[in-house]
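Hi,

Here is the structure I said I would send over. Have a look at it first, and then read my notes underneath.

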Amino acid sequence: MPHPNTSFLLGICLLLSCWACQSDEKDFSIDAAMDAFQLAEGFEISLVAAEPLIADPVDMIIDEEGRMYVVEMHGYPMDVSGSGKVILLEDSNGDGNYDQHSVYAENLVLPTGITRWKKGVLVTDPPHLLYLEDSNGDGKADIQQPILSGFALSNPQHNVNSPRLAMDNWIYLGHEPAVTTVQYADLFGDSGSEVHFPEAPDGPRLPVNAGGRGVRLKPDEFSLELLSSRTQFGHTWDAFGQRFLVNNNNHIIQEVIKAEYLGRNPHFPISSTTQSISDHGNAAEVYSITENPEHQLLTDIGVMTSACGPLAYLGGAFPEAYEQAVFVAEPVSNLVHVDILSGSGSTFVASRMFEEKEFLASRDSWFRPVNFYIGPDGALYVVYYYRQYIEHPEWMADEVVQAGGLYNGFDKGRIYKISPKGMDTAIPRPNLHQMTAQELVKLLGHPNIWWRQHAQRLLVDRKDTEIVPALNDLALQKDNPIASVHALWALEGMANLDEETLAAALKAEHSRVRENAVKLVEIHRKEYPLLMESLLGMTEDEAPRVRLQLLNTLGFMESTQAAESRQKILLKDLDDEWVQVAALSALESSPSRLLALLENSFKDRSEAVASLAQKIGKIIGNRNLEEETKKAFHLATATTRSAPTALWKGQLLQGIAETASREFLSAQLGEEEKEKLVKIIFEGQSTTIRNACHSLFIKAGGRLSPDYQKKAFQAAKDEEKTGEERAFYIGLIDNDYLPSVRDTLTNWINPSSPLPLQMAILKTLQKGESGFWSKVLLQKWTMLTPPLREAALDKWLASEEGITLILAQLEDGPIHPSHLGWPRSVRLMNQKDQELKIKARTLLAGQEEARAATIADFQPALTLKGSIARGEEVYERNCAVCHQMGSDRGTEFGPDLASLRNRQKINLLSDILDPNLSIADGYDLWMVKMQDGSSYQGLISAETPVAIALSQVGGQVRTIARKDIQELQVTSASAMPGGWEHQISHQEMADLLAFIKQIE
């Protein structure tokens, strides 16, 4: 095998010839780049640094002396020869311009981020976090040592990145699971090892590649911890320490539940710790102005697809409207997006600053913003990776990769800064290292985070105890809450936070100061037990975020008073899912107390009560205790005439069914209990409780008799029942009874049957002989709606036999390439089996052109007059099984169509005809094989180190503890359907558009 860098060197030869040709065609000048910008009104943009001073920048910092460190990643996408650098820029004469350049560090592989620490910098360069220091003042880092090791070196878009020193004095690393490469395993197949401090072999160790989670550390103490969440490239904090994350297609995510709360109740596996907070969608629409955009194989168009480098603006120099602004880079679409944060209970909501335009956009397709920084002047610095291609070759067409242009722009790169028009950005060169401790304390209240952060870091490093009284005073003043929290955390970092100061901070006027004070009490709960006791009196705090933090912190107390306080907050904030999670995560979460709460404390709020009941059921199921399980069973199966009560009882049973072991349930539920379940299955008041009873019955080893299955079949034949009710009864038919009704079920697969019924029949037929199942589907293929085709395709894609069948039917059968959806096509074209791969590429070549032709064919639908009423029928027939239309209709699985109401018709048309064009990431189907032999399929909507949440067609969300999983595999298939052009006419499309937009 050739050396991994041989291909890179050969590529350079091609690249240079290609570069010579394209340089004659494109204007690479700074003036041309500036002319291509469209910037928000009231701002101006100016150049800070460009080639030849820097090239390929991905991150930057400015230290306390005003020196700029720039991380250069020249090796992206595939050069691992050690071409990465850290460049040091200095202003030699204090005129505000960087005029001195030196290579601070070189021979880095694929460096991804930087932060200031001690006398040097920390740089993420997987598999390491490196400490670099210039100890002799020559501008070069003569000290280079790994601080952490063990991170995976995989696809560079998913490697460890963005080291950031947070207000709590911990250094946080952006990180997510390694992405397995197929084509470039020789370069990026490293899965990592245990993450550890090389200098402390007996110190803490994290799982291989940190389990794909975020990491925080204190290097000087050899403290190392896993976080509860993950982020792709970048993370940011608001002024009071709330952390926000990012994913390529989900540009702003709030971390809600911290890692320290996850494992303390071992019977309550928490599957989600984060919340997507954009009110304009996860794959949010963006407004590009790019001329001749470069879109590659799996590039989503018109939506967030490469979001990275989030930054909460805390510079203090922008207009007041930007006080809660968060900026996000979107390099594929050549723009910078901005949202405004607002409180929403215990969490936040991120809303667009601008409608149908962006804060910064460029007509230049090579403008690739990837990161931001706030400088000492309060300006927003934009780190600008100047490349023709930003996608990784793994996801590009072979001909583009082989053309030799992957590194076009490798010798260029810019950093700009954005400031309000007329703002004086010429500030004196900073000199914080020369300031006294008293001067640094004053800076903790500075309006610009750059000054506050450096001041706190220096105070903590110096540990000058003479300054403690001044910090105590600052912590308790009332005029500047931001200064108060910095002072509190500075005292904490110096190990000088006393009980008296902390007790006073708990009574601060500003809620975010109280919130931080509660966090600090939690850290000192063993040292200051009386302060923990004092938290019991704060349950009526007016701020939802304070109450949530109280609930999390009180979860460490096991007293009766603490349980009563937690219950008080739970009752007050029951509608908040995160409050439920926090309450049940406590060390002591008594199911008996919680069952009594369900039985006696609620008269309304049925959906919130049902959600809580399911969580309680999961705890009971995981505990496998006879007395409480039977108590819950009898409580839930007692006769009731109230629909809301039936709802929570069904969810309680469903929770037990999900987590209790088969052996335990079989032993505890005798024939009398099973007969009671069967009675409810057929006579229950709601589908929810009937489904739950069936799940519990089957898991307890129950089998419906032939008479009951006949009864179920007769109920399914009743056309007066809803599609969902008939589907439920179909699901009761087992493999033994199936042959007697198989022909009838097969006949019900037709366009006139309700879609939920047809989906249930497909699932039931899978219990029988696989050849028959495939034969029926292929015979009926032309009449199957997209959701039914998707179910069949996903089943076939799970095996080589099924893939062979798909390719055969593509070649000489009813399956058309448009039925697959683009990600499925990519799966087929990337087969490891070379014969299948070649055949797939031959059959599927030219799909993009075909999709464009289809969209062009449906253009008349944009001008036809649509009918909302007729469009509703199209929605019910084709869309309702996977999409809500508002909160009161349809099923929550895919995006809520009501949220798309403000999109332009042309964008909606593209989304419907080619949904994978705008929605791909996050809709992969996963196959979960359980330890007990059962299996499930769905979307992983959330996950933590201890559990996953699996969303399934029909709206069910199943929480699965990782300990119960035998195998977890992605099917490499999008869950979003395609092929609508074969199902509806131009007029029906016009009607559907009218229904979605509610405009005729």
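Below is what turned up, starting with the spaces inside and then going through a few single residues. Keep in mind that this is a predicted model.

**The cavities**

There are six cavities of 30 Å³ or more. The largest cavity has a volume of about 620 Å³. Its lining is made of 31 residues, and those closest to the centre are Arg164, Leu165, Tyr373, Ile449 and Gln453.

Which element gives the most to that lining? Helix 6 does, with six residues. Several strands also supply at least two residues each, including strand 3, strand 7 (113-117), strand 11 (161-165) and strand 26 (369-374). Sorted by class, the lining of the largest cavity has 16 nonpolar, 10 polar and five charged residues.

**A pocket to look at**

Next, try the second largest pocket, with a volume of about 1000 Å³. It is lined by 43 residues, and Asp168, Trp170, Arg216, Lys218 and Ile523 are the closest to its centre. Here the largest share comes from helix 10, which provides four residues. Helix 6 (449-462) turns up again, as one of the elements that each supply at least two residues of this pocket's lining. Strand 12 (171-174), strand 15 (215-218) and helix 8 (481-493) are also among them. As for the classes, 19 of the lining residues are nonpolar, six are polar and 18 are charged.

**Four residues to click on**

Start with Pro57, which sits in strand 3 (residues 57-62). Is Pro57 buried or exposed? Its relative accessible area is 0%, so Pro57 counts as buried. What does Pro57 touch, leaving aside neighbours within four places in sequence? Its contacts include Val70, Val71 and Glu72, then Val370, Val383, Tyr384 and Tyr385, and further along the chain Lys412, Gly413 and Arg414. Pro57 and Phe410 are 353 residues apart along the chain, yet their C-alpha atoms are separated by 9.9 Å.

Then find Gln709 in helix 22 (residues 706-717). With a relative accessible area of 3%, Gln709 is buried as well. A polar atom of the Gln709 side chain lies 2.7 Å from the backbone nitrogen of Asp734. Besides Asp734, Gln709 touches Leu704, Leu732, Ile733 and Tyr737, not counting residues up to four places away in sequence.

His524 is in the loop between helix 10 and helix 11 (529-534). At 11% relative accessible area, His524 is buried, because the cut-off for that label is under 20%. Once the neighbours within four places in sequence are set aside, His524 is in contact with Glu492 and Leu497.

Finally, go to Ala178, in the loop between strand 12 and helix 3 (185-188). Why does Ala178 count as partly exposed? Its relative accessibility is 30%, and partly exposed covers values between the 20% limit for buried and the 50% limit for exposed, so that is the label Ala178 gets. Ala178 touches Ala152, Ser154 and Asn209, again leaving out residues up to four places away in sequence. From Ala178 to Leu153 it is 25 residues in sequence and 7.6 Å in space, C-alpha to C-alpha.

Write back once you have clicked through these.

Cheers

Conventions: Residues numbered from 1 in each chain as written. Predicted model: local features only at pLDDT ≥ 70, side-chain atom pairs only at ≥ 80, totals over all residues. Heavy atoms only, no water. Buried < 20%, exposed > 50% of the residue type's maximum accessible area, 1.4 Å probe, protein only. Contact = heavy atoms within 4.5 Å. 1 Å grid on protein atoms, 1.4 Å probe; cavity = no way out; pocket = protein on both sides within 12 Å on 5 of 7 lines; lining within 4 Å. Points joined across faces, edges and corners; volume = space filled by probe spheres on them. Nonpolar A, V, L, I, M, F, W, Y, C, P; charged D, E, K, R; others polar. Polar contact = N/O pair within 3.5 Å; in protein donor to acceptor, adjacent residues only side chain to side chain.
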